[in-house]
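Here is a quick tour of one chain, with a stop at a few salt bridges and a pocket. Have the viewer open as you read.

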Amino acid sequence: MAYVSNFLTDTAGITAPETSWNVFRNPDIDNRLYELNIYSSVYYKILELLTEEEDAKQPRFDWAEDDIPARVTAVNNVGGYANNATSIVVDDSTVFIVGHVIRSMTHNELLLITGIKDSTNTLTVTRGYAGSSAAKLDDNEVLMDMGMVLGENGDAPNARGKIPTEKYNYIEMKSRTFAISELQQTTDMRYDVGKIPRETLEKAFSIRRDFAMALLYGKRSKTTAADGNTAYTTGGFYEFATENGLSTSASGLTWTTLYGWAEEAFIPTESSPRKILLCGSGVAQAITQIAYDKTRFAEYNDVLGQQVNILRLPSGNEIEIIQDPYTFSSSFGTEKKGILIDTKHISLKWKEGWRLRWKQNIQNNYTHGRKDEIYGACGLKLKHPEVHGTITLT
């Protein structure tokens, strides 16, 4: 996990007068101290506590790496097709790629796709491929894509890819610098080293808050950086977890509307039996007014620093309602928003080697003062968007 205790010291710049006491700038900080910061985002805390997987080695990773559209469709012809027919109409030809082999799930025949016409959902195929037996294809017979067939030294066809690249999430970097401008103050730090960990914590909290806003409300985009390279900006939860979106006026929110929206996220097989609704005061109050007899006080969560109420739906599924006073606040105009999270399918994804780090002495060698930097780079990993949700009260 990306706690402050994971900060690494990295000395560069001024070295001569500081080599002997550089060790004092390794902060001995409780790795759960950040929980005491009342301005931290509950959303970020949850993501950080959930993150126990390997860091991303590439600066880009897929939002839904296990949510690739299934390459399955069915024959669409009332009379079916004879065992020598090579032009086959299906329900959806876009799930297939030229050069792939498809399998009849009824007769186990293999067919090689040699052409596709999407306007009519028509496949041109080679029947009885790879020694399989050609058989009559019935209407609504299921056909499954078995993948690419590429001979030795063959050329891969220029075909369409099926990985949903529009859902890529680009890792975003945040950094903070802090400076001690006077030489005397720098020297004094030899005897008052507590000042530096305090500055380090403050900047770390600030970066976490920035990450929380970017991961929640960011829009995926790319721009040209100052060095001429392409800079990618991460997309946020609100941009992608919209399959179960509810938008209504506060006065229009009813118990039927509320649980109808919430239950949709529990229907998919990947869903967990309990979810978390992080929201602002406006959403929390509206839910309390219409479901006061359907909620119960659970406990005060010391880790999140918030009271937790449990909302029980007619199906028996439960939702933990937690207010996030920073991310969903009137200061940002988001107090009437909320997100329904399935914690099993969301996590923070750090760029390898770019978890929160403390880099010391980034000033020029001829500078008498000292400047340090706290930086990190991460993005949001969101799987199965249909098990999450968003709510907005207009």
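Is T248 buried or exposed? T248 counts as buried, because its relative accessibility is 16% and the cut-off for buried is under 20%. Keep in mind that this is a predicted model.

## Around T248

To find T248, go to strand β12, which covers residues 245-248. Leaving aside residues up to four places away in sequence, T248 touches L253, T392, L393 and T394.

## The chain as a whole

Zooming out, the chain has 394 residues, and 46% of them count as buried. Its secondary structure comes to 6 helices and 21 strands. The accessible surface adds up to about 19200 Å², with 48% of that belonging to carbon and sulfur atoms.

How do the contacts spread along the sequence? Take those between residues at least 6 apart: 72% of them join residues at least 24 apart.

## Salt bridges that span the sequence

The count of salt bridges comes to 11. One of them pairs E48 with R208, where the closest N and O atoms are 3.6 Å apart. E48 sits in helix α1 (residues 42-50) and R208 in helix α3 (residues 195-217), so this pair ties together parts that are 160 residues apart in sequence. Both ends are tucked away: E48 is buried with a relative accessible area of 1%, and R208 is buried with 2%.

Another salt bridge runs between R127 and E109, with 2.8 Å between the closest N and O atoms. Here the two residues come from loops: R127 from the one between β6 (122-126) and β7 (142-148), E109 from the one between β4 (100-104) and β5 (110-117). The pair links distant parts of the chain, 18 residues apart. Both R127 and E109 are buried.

## A network with shared partners

Next up is E320, which forms a salt bridge with R274; the closest N and O atoms are 3.2 Å apart. This one goes from strand to strand: E320 lies in β16 and R274 in β13 (residues 274-279), so parts that are 46 residues apart in sequence get tied together. The burial differs between the partners, since E320 counts as buried at 18% relative accessibility, whereas R274 is partly exposed at 33%. Through salt bridges that share partners, R274, R296, R312, E318 and E320 are joined into one network.

## The second largest pocket

Which residues line the second largest pocket? The list is A284, T288, T295, Q306, Q307, N309, I321 and Q323. The volume of this pocket is about 150 Å³.

If you sort that lining by chemistry, you get 2 nonpolar residues, 6 polar ones and no charged ones. Three elements each supply at least two lining residues: α6 (281-290), β15 (306-312) and β16 (318-323). β15 gives the most, with 3 residues. Strand β16 is worth a second look, as it also holds E320 of the salt bridge to R274.

Technical notes. Residues numbered from 1 in each chain as written. Predicted model: local features only at pLDDT ≥ 70, side-chain atom pairs only at ≥ 80, totals over all residues. Heavy atoms only, no water. 1 Å grid on protein atoms, 1.4 Å probe; cavity = no way out; pocket = protein on both sides within 12 Å on 5 of 7 lines; lining within 4 Å. Points joined across faces, edges and corners; volume = space filled by probe spheres on them. Helix = DSSP H or I, 4+ residues; strand = E, 2+ residues; numbered from the N terminus. Nonpolar A, V, L, I, M, F, W, Y, C, P; charged D, E, K, R; others polar. Buried < 20%, exposed > 50% of the residue type's maximum accessible area, 1.4 Å probe, protein only. Contact = heavy atoms within 4.5 Å. Areas by Shrake-Rupley, 256 points an atom, 1.4 Å probe, with all protein chains shown as cover. Salt bridge = Lys/Arg side-chain N within 4 Å of Asp/Glu carboxyl O.
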